[in-house]
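Colleague: I have just opened this model and would love a close look at one part of it. Could you walk me through a loop of your choice, and then show how the rest of the chain fits around that picture?

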Amino acid sequence: MTLKIFLEVVELRTKVASVFPFAIGVLFSIAFFHEVHWFNTLLFFIGMLIFDLATTAINNYMDYQKAHSTIYKYEENVIGRTGISPKLIRNMILGMISFVLILGLILTARTGILLLFMGAVCCFIGIFYTFGPIPLSRMPLGEIFSGVTMGLGIFAMVVYINTYSTKVFDLVLSLHSGQFRLEGNIWVVLAIILASLPLVFTIANIMLANNLRDLERDIENHRYTLVFYIGRPVGIVLFQLLMYTCYLVILLGVFTQVYQWPVLVTFFTLPKIYNNLQKFKQQLPQPISFSYAIKNMILFNGSYAFGLLLSILFTHLN
């Protein structure tokens, strides 16, 4: 397998969706909790990226195996088009997942057992998103699972590995007595969930945009996504609603002091995102329509990260 084919199988160019929850998680840990542990952060980033590559490879592998359209299987899917051995792809996937498991165990030993459980849930969803007899991506749950797993899951784990020393939230487990208990502050946990919502919504919108674009081809390949059940017109309204709700979350966060005022810089992106939403609606179902979901995610989350960075600088200056 050449490097070019490998990068096409794992679709490295698409990994921005997981980088934003990671980066914003680190910035939020510093801005809200005033804590960061760089070595843990580096280990997590490596493991997160490799697992994301593996899940994309699984997606391409399963799409190849389950394809009902011969045109898609041998002319559009990277495995069929390049003639690479499916067995080689399978072994590559197993190798990457095994490496991620080792990193996960190291991080668990350095932080706490709760990370193992959170990671296991996210990995389970990531693998079975496209793997198995009834993959999650072929059900009307893809947007929920992708948004929550990446937007909340990655974000919460990043916060956990950077705040473990102060036990912001944790699982206490005693194998000797068989007792366990969850510890934490409910208001802090709610703040973490609130801060993750823009990530949840923008990542869910990527899957929604993909399903809005590919509705006919998905039906041809027996993939009955959310858009199949609600239809394109309602799907477009949902796509717009999720994007605008991100701004409401920012306002609520400032009002409840989860954020400081510099995060309001995100509102400078609203005119451009409005234009992108209109263009997305006009271009459907053309392939170019999907690019507007990516642009909106990068634009909003980029400004979100910048706002948190300004908040950190503002705190240090005062």
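Modeller: Let's begin with His37, which sits in the loop between H2 and H3. Please keep in mind that this is a predicted model. With a relative accessible area of 24%, His37 is partly exposed, because the buried class ends at 20%. Setting aside neighbours within four places in sequence, His37 is in contact with Ile161, Asn162, Tyr164 and Ser165. A distance to the same stretch of chain is handy here: the C-alpha atoms of His37 and Val158 are 9.9 Å apart, with their positions 121 residues apart along the chain.

His34 belongs to this loop too, which runs between helix H2 (16-33) and helix H3 (38-66). Is His34 buried or exposed? Its relative accessibility is 57%, so His34 counts as exposed. The backbone of His34 deserves a glance as well, since its phi is near 60°, a positive value in a residue other than glycine. Most residues other than glycine have a negative phi, and most peptide bonds are trans.

Now follow the contacts across to Thr111. Thr111 touches Asn40, Tyr160, Ile161 and Tyr164, again not counting residues up to four places away in sequence. Ile161 and Tyr164 are also among the contacts of His37. Thr111 lies in another loop, the one between helix H6 (86-110) and helix H7 (113-128). At 12% relative accessibility, Thr111 counts as buried. A polar atom of the Thr111 side chain lies 2.7 Å from the backbone oxygen of Leu107.

Back on H3, the helix that follows our loop, you will find Leu53. Leu53 has a relative accessible area of 10% and is therefore buried. Beyond residues up to four places away in sequence, Leu53 touches Val10, Leu12, Lys15 and Met96. For a longer view, the C-alpha atoms of Leu53 and Asn221 are separated by 24 Å, with their positions 168 residues apart along the chain.

Another such pair takes us to Phe255. Thr55 and Phe255 are 200 residues apart along the chain, and their C-alpha atoms are separated by 38 Å. Phe255 lies in helix H11, and at 70% relative accessibility it counts as exposed. Gln257 is in the loop between helix H11 (226-255) and H12. Like His34, which has a positive phi, Gln257 has a positive phi, of about 65°, although it is not a glycine. At 67% relative accessibility, Gln257 counts as exposed.

There is one more backbone feature to check while you are in this part of the chain. The peptide bond from Leu284 to Pro285 is cis, with omega near 0°. Where is Pro285 found? Pro285 is in the loop between helix H12 (270-283) and helix H13 (289-317).

One further loop is worth a stop, this time for a side chain. Asp214 lies between helix H9 (186-213) and helix H10 (215-220). The side chain of Asp214 makes a polar contact with that of Arg213, at 2.8 Å. Asp214 counts as buried, because its relative accessibility is 11%.

Finally, let's step back to the whole chain. The protein has 13 helices and two strands. Its radius of gyration is 20 Å, which agrees with the value near 20 Å that a compact globule of 318 residues would have. The C-alpha trace spans about 60 × 50 × 35 Å along its principal axes. Buried residues make up 52% of the 318 residues. Of the contacts with a separation of 6 or more, 75% are between residues 24 or more positions apart; the contact of His37 with Ile161 is one example from our loop.

As for the surface, the accessible area comes to about 15500 Å², and 71% of this belongs to carbon and sulfur atoms. The side chains include 20 positive and 14 negative ones, and the centres of these two sets lie 3 Å apart.

Key:
Residues numbered from 1 in each chain as written. Predicted model: local features only at pLDDT ≥ 70, side-chain atom pairs only at ≥ 80, totals over all residues. Heavy atoms only, no water. Helix = DSSP H or I, 4+ residues; strand = E, 2+ residues; numbered from the N terminus. Buried < 20%, exposed > 50% of the residue type's maximum accessible area, 1.4 Å probe, protein only. Polar contact = N/O pair within 3.5 Å; in protein donor to acceptor, adjacent residues only side chain to side chain. Rg over C-alpha atoms; globule rule 2.2 N^0.38 Å. Contact = heavy atoms within 4.5 Å. Areas by Shrake-Rupley, 256 points an atom, 1.4 Å probe, with all protein chains shown as cover. Lys, Arg positive; Asp, Glu negative; His and termini not counted. Charge placed at Lys NZ, Arg CZ, Asp CG, Glu CD.
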